[in-house]
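Welcome! Let's work through some "why" and "how do you know" questions together.

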Amino acid sequence: MEKITSFTIDHLRLLPGVYVSRKDHAGSTVITTFDIRMTRPNFEPVINTAEVHTIEHLGATFLRNDPEFKDRVLYFGPMGCRTGFYLLLSGDYESRDIVPLMTRMYEFIRDFQGDVPGAAAKDCGNYLDMNLPMTKLLAERYLKEVLLNLTEERLVYPAD
């Protein structure tokens, strides 16, 4: 059986960044999958489930309301390894194309006040597993260390 694309990336050399993971076709439409990598795999602790869950709720809410991209967002959710998130957009994009969107999203998360959208028993199957204060710190770290200081090595997967 062939390895899926994401398992062919050298995770020992992968830095936090914004990467095009793959491009697929649904009819004539290109679907671009982004790897929004927040922590360095196998070198840093993974993101706790409460923070992953909070980022998922806030990120999905932001993306589904963004005036420019809301109609192109197909999915936003966590990686099983808890080192980042996948974002699927309808359209043919490169990593740099979504940096402004990701910057706005992480600023939204960092600055969010109030109740996390969907964090209620009637709206979510695990609504108590949220941690907004720590999520805000993680968003600030990702903004400072990655999005506001991007280099090519954080936009393109490491070569074999």
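Q: Where is Asn-42 found?
A: Asn-42 sits in the loop between β2 and α1. Helices (H or I, at least four residues) and strands (E, at least two) are DSSP runs, numbered from the N terminus. A word on the source: this is a predicted model, in which local features need pLDDT of at least 70 and side-chain atom pairs count only at pLDDT 80 or more, while totals for chains, interfaces and linings use all residues. Residues are numbered from 1 along each chain as its sequence is written, and side-chain values use heavy atoms, with hydrogens and water left out.

Q: Why is Asn-42 called exposed?
A: Its relative accessibility is 63%. The cut-offs are these: buried means under 20% relative accessible area, exposed over 50%, and partly exposed in between (1.4 Å probe, protein chains only). Asn-42 therefore counts as exposed.

Q: What makes the phi of Asn-42 worth a look?
A: Phi of Asn-42 is near 65°, a positive value in a residue other than glycine. Most residues other than glycine have a negative phi.

Q: Which residue in the hairpin of β3 and β4 takes a positive phi?
A: That residue is Arg-82, with phi near 65°. The hairpin has 5 residues between the strands, and Arg-82 has its place in this loop between β3 and β4.

Q: Why does Arg-82 count as partly exposed?
A: At 29% relative accessibility, Arg-82 falls in the range between buried and exposed, so it counts as partly exposed.

Q: How do you know that β3 and β4 pair?
A: Two strands pair if DSSP finds at least two bridges between them. β3 and β4 have 5 bridges, in the antiparallel sense. One of the residues involved is Phe-76, whose bridge partner in β4 is Leu-87.

Q: Is Leu-88 of strand β4 buried, exposed or partly exposed?
A: Leu-88 has a relative accessible area of 23%, so it is partly exposed. Contact means heavy atoms within 4.5 Å, and the residues that Leu-88 touches include Ile-31, Thr-32 and Thr-33, as well as Val-73 and Leu-74, not counting residues up to four places away in sequence.

Q: Why is Thr-32 called buried?
A: Thr-32 has a relative accessible area of 0%, so it is buried. Its place is in strand β2. Among the residues touched by Thr-32, not counting those up to four places away in sequence, are Val-20, Leu-87 and Tyr-93.

Q: What makes the approach of Thr-32 to Tyr-93 a polar contact?
A: A polar contact is a pair of N or O atoms within 3.5 Å; within protein, one must be able to donate a hydrogen and the other to accept it, and residues adjacent in sequence count only if both atoms are side-chain atoms. The side chain of Thr-32 reaches the backbone nitrogen of Tyr-93 at 3.2 Å.

Q: What caps the N-terminal end of α3?
A: Asn-131 does, with a side-chain oxygen 3.1 Å from the backbone nitrogen of Met-134.

Q: How do you know that the span of α3 agrees with the expected one?
A: The expected span of a helix is 1.5 Å times one less than its number of residues. For the 14 residues of α3 this gives 20 Å, and the end C-alpha atoms are 20 Å apart, so the two agree.

Q: Why can we say that the buried residues of α3 line one face?
A: The buried residues of α3 include Leu-132, Leu-138, Ala-139, Tyr-142 and Leu-143. Seen down the helix axis, the buried residues fall within an arc of 165°, so they line one face; the arc is that of the directions from the helix axis to the C-beta atoms. They pack against β1, β2, α1 and α2. The face turned away carries the exposed residues Pro-133, Leu-137 and Lys-144.

Q: What makes a set of residues a nonpolar core?
A: It is a set of buried Ala, Val, Leu, Ile, Met, Phe, Trp, Tyr and Cys residues joined through side-chain atoms within 4.5 Å. The largest one here has 36 residues, and Ile-36, Leu-63, Leu-87, Met-102 and Tyr-106 have the most contacts inside it. Its largest share, 6 residues, comes from α2.
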